Amino acid sequence: QVQLVESGGGSVQAGGSLRLSCAASGDIYALNYLDYMGWFRQAPGKEREAVAAIPPAGGSTYYVDSVKGRFTISQDNAQNTVYLQMTSLKPEDTAMYYCAASHFALHDGTWSLRERWNYWGQGTQVTVSS
């Protein structure tokens with residue numbers, strides 16, 4: 001099993017920035033089989049939405065259109081950690097942000113599907129005021 005723990009959430013004014021971190025731990029074999037790590041978010045009354053994804057072994061990254069140019073996903077494989085650098089934050093970015101990990105090789109048509117992700121963190125709240 002894999003455990004994911006997020007940190008870095010908080011409250012900022014519009015135009016500000018935050019960096020979210022997600023530390024993965026657990027069974028070393030499960031960790032080695034992770035093909036993608038990523039971030040989802042969910043605002044009250046809305047469905048959980050895929051935000052960004054990255055393959056630990058290197059390759060294509062994915063972003064939802066609404067965050068392209070503002071958010072950057074990155075990783076530190078030595079620490080089994082994935083980051084989400086968020087800049088130019090908008091009130092509509094307000095949500096609970098969840099770290100996720102997947103054993104699947106994802107592509108444009110599947111990376112945003114919740115059922116393709118195997119592990120989830122507890123979430124960290126991001127609030128952006130206008």
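In this predicted model, residues 24 or more positions apart account for 58% of the contacts in the chain that have a separation of 6 or more. Keep that figure in mind while following the strands, since several of the pairings described below can be read alongside it.

The chain contains one helix and 11 strands, and from the N terminus on its elements run β-β-β-α-β-β-β-β-β-β-β-β. Its radius of gyration is 14 Å, close to the 14 Å that the globule rule gives for 130 residues, so the chain is as compact as a globular protein of that length. Taken along the principal axes, the C-alpha atoms fill a box of roughly 45 × 30 × 25 Å. Of the 130 residues, 44% count as buried, while the accessible surface comes to about 6,600 Å², with 47% of it belonging to carbon and sulfur atoms. As for charge, there are 9 positive and 11 negative side chains, and the centres of these two sets lie 6 Å apart.

A good place to begin looking at the strands is S8, which covers residues 81-86. This strand is mostly covered, with five of its six residues buried; a residue counts as buried when its relative accessible area is under 20%. Strand S7, residues 71-76, runs antiparallel to S8 and is joined to it by six bridges. Within this pairing, phenylalanine 71 has methionine 86 as its bridge partner, and glutamine 75 is partnered by valine 82. Strand S3, residues 18-26, also pairs with S8 in the antiparallel sense, again over six bridges, and here leucine 20 has leucine 84 of S8 as its bridge partner.

What do S7 and S8 form, and how many residues lie between them? The two strands form a hairpin, with four residues between them. Asparagine 77 lies in this loop and is partly exposed, with a relative accessible area of 43%. Between asparagine 77 and alanine 14 there are 31 Å from C-alpha to C-alpha, for a distance of 63 residues in sequence. Asparagine 80 has its place in the loop between S7 and S8 as well, and its relative accessible area of 34% makes it partly exposed.

The backbone at asparagine 80 deserves a closer look. Most residues other than glycine have a negative phi. Asparagine 80, however, has a positive phi of about 50 degrees although it is not a glycine. A second case follows along the chain at serine 88, a residue other than glycine whose phi is positive and near 50 degrees. Serine 88 is found in the loop between S8 and strand S9, residues 95-102, and with a relative accessible area of 41% it is partly exposed.

From S9 the path leads to another loop, the one between S9 and strand S10, residues 119-120, where histidine 107 is found. Histidine 107 counts as partly exposed, at 42% relative accessibility. Although histidine 107 and tyrosine 97 are 10 residues apart along the chain, their C-alpha atoms are separated by 21 Å.

Tyrosine 97 also leads to the last strand to be considered here, since it stands opposite threonine 124 in S11. Three bridges join S9 to S11, and these two strands run antiparallel. Strand S2, residues 10-13, pairs with S11 in the parallel sense, over four bridges, and in this pairing glycine 10 has valine 126 of S11 as its bridge partner. The contrast in direction is worth tracing in the structure: S11 runs antiparallel to S9, but parallel to S2.

Which residues make up the covered face of strand S11, and which make up the uncovered one? The covered face of S11, a strand of residues 124-129, consists of Thr124, Val126 and Val128, whereas Gln125, Thr127 and Ser129 form the uncovered face. In a regular strand the side chains alternate between the two faces of the sheet. Two of the residues on the covered face have already appeared in the pairings: threonine 124 opposite tyrosine 97, and valine 126 as the bridge partner of glycine 10.

Key: Residues numbered from 1 in each chain as written. Predicted model: local features only at pLDDT ≥ 70, side-chain atom pairs only at ≥ 80, totals over all residues. Heavy atoms only, no water. Pairing = 2+ DSSP bridges. Rg over C-alpha atoms; globule rule 2.2 N^0.38 Å. Buried < 20%, exposed > 50% of the residue type's maximum accessible area, 1.4 Å probe, protein only. Contact = heavy atoms within 4.5 Å. Areas by Shrake-Rupley, 256 points an atom, 1.4 Å probe, with all protein chains shown as cover. Lys, Arg positive; Asp, Glu negative; His and termini not counted. Charge placed at Lys NZ, Arg CZ, Asp CG, Glu CD.
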